[in-house]
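Hi,

Here is the structure I said I'd pass along. Have a look, and my notes on the helix packing follow below.

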Amino acid sequence: MKVQSLALRKVPLPDSLMPALSLLLGDRATASASVREQHGRGEGGFSPLPPDIVCFANSTEEVAAIVRLCAEHKVPVIPFGTGTSLEGHVLALKGGVSIDLSHMNEILEVNTEDLDCRVEAGVTRKQLNNHIRDTGLFFAVDPGADASLGGMAATRASGTNAVRYGTMRESVLGLTVVMPDGRIVHTGGRARKSAAGYDLTRLLVGSEGTLGVITEVQLRLFGIPEAVSAAVCQYDTLEGAVNTVIQTIQLGVPVARIELLDEVQLGACIAYSKLEEYARKPTLFFEFHGTENSVKEQTETVDEISRENGGGDFRWATRQEDRNALWQARHDAYFAAVALRPGKRGISSDVCVPISRLAECIVESRADIEESGLVAPIVGHVGDGNFHVLFVIDPDDPKEAGRMEWVNERMVHRALAMGGTCTGEHGIGVGKMDFLVAEQGEAVGVMRTVKMALDPDNIMNPGKILRV
């Protein structure tokens, strides 16, 4: 979470690089201060660190040509999608060239019978779902932000649907990647299983731009369910809400989404999203997918579990527009939380634990927040054990920043002690490198060996995931 602790040692650019990039791309290679500033920031709590040059690529071949020029001069390369990452993934820690993939936004093929598609890296998840809506299919990974699919693959993104449909790890069937020396490599494919060689797709999914630039993604799709129903239930205690989740998952109910908002977050959403019909209490948002009969069975089972844990009546949203409004309020949770302290900054952190330890981890983390005196709502994709704390702080107040670090470190180490992970979906970036060492130990050395074998000059997004 601390940019100031990083060693920021810029790599000098050779005089010949900008003319070479301009010859290749024309005015799509720019050193404009405003464009560079835009490409040196994500959505996390880090100060901007802009690149020296921004290149807008139109094809995999152009990306390869840019990378070859950078490799020749040992200049850093930072891939850029939509800039929605939270752990400093797009910061140009050592300067260099940012490759913006947003112009690569073509949906290349949709194979409805095989439930898959191939897209360029700049296609966003909403763009894809709008394109395939009339085929009866949808892409399931929903991190909230309308992120690019290449960026989602690079950060191994997750989201509200992961409890039923999985994360980007399960959704990516294959990749086209430009390697650090400029080679274009195709991994995986359309087959649903393969025993052919190393699983390079899984290596590159979640590599955060440190091993190559993802330019195309082959993705798994799902059929739109016959019946979809959403519901909201409120609880007297945070523990009661989380225990409902645990028991639902342990019974094997195939719920599509279970989202937790603690009383602080729900209070913020009441004010921001005009949810006046709800009380300021711990709340679960549910969504059920399937046939009419299976959805009815799921809801009856969860309703029974919920009541045993102090849950109130379910409020249903069966119409599409009502469900959209409900989930839009959930996706706007960040803006609602920041509105609790106008003019302050929202900084998010996340962990993920085995489902049996979820209630304990959340309740103890909430107690730490209360002790710190910070404003920090908790939200979570709790169906898979993942929750987020959004700290709303004054970044110029060192006392608040110190209390935030104290709460975050306790939360992460608590999750690790419970057999969990330091990040369920935000990734490592620059913010969680020390936590990765605490979690993975000697395995980080193996990761470093892989990194140096593929990128010996450390030009691919240097300073992210691990120290070289």
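Start with one helix pair: from H1, Leu17, Ala20, Leu21, Leu24 and Leu25 meet Glu62, Ala65, Ile66, Leu69 and His73 of H3 (contact means heavy atoms within 4.5 Å). By class, that contact has 8 nonpolar, 1 polar and 1 charged residues (Ala, Val, Leu, Ile, Met, Phe, Trp, Tyr, Cys and Pro count as nonpolar, Asp, Glu, Lys and Arg as charged, the others, Gly among them, as polar).

Bear in mind that this is a predicted model, with local features needing pLDDT of at least 70 and side-chain atom pairs pLDDT 80 or more, while totals for chains, interfaces and linings use all residues. Residues are numbered from 1 along each chain as its sequence is written, and side-chain values use heavy atoms, leaving out hydrogens and water.

The other pair is H14 (residues 358–372) and H15 (residues 398–417), which pack at about 165 degrees with axes 10 Å apart (axes are lines fitted to C-alpha atoms over the stretch in contact, angles running from 0 to 180 degrees between N-to-C directions). So H14 is roughly antiparallel to H15 (angles over 145 degrees). Their contact divides into 6 nonpolar, 2 polar and 6 charged residues.

As for H15 itself, its buried residues include Met404, Val407, Met411 and Leu416 (buried is under 20% relative accessible area, 1.4 Å probe, protein chains only). Among what covers the buried residues of H15 are strand E16 (345–352), H14 and helix H16 (433–440) (helices are DSSP runs of H or I, at least four residues, and strands runs of E, at least two, numbered from the N terminus).

Cheers

Definitions and conventions
Angles under 35 degrees count as roughly parallel, over 145 as roughly antiparallel, 65 to 115 as roughly perpendicular and the rest as oblique. Buried means under 20% relative accessible area, exposed over 50%, partly exposed in between (1.4 Å probe, protein chains only).
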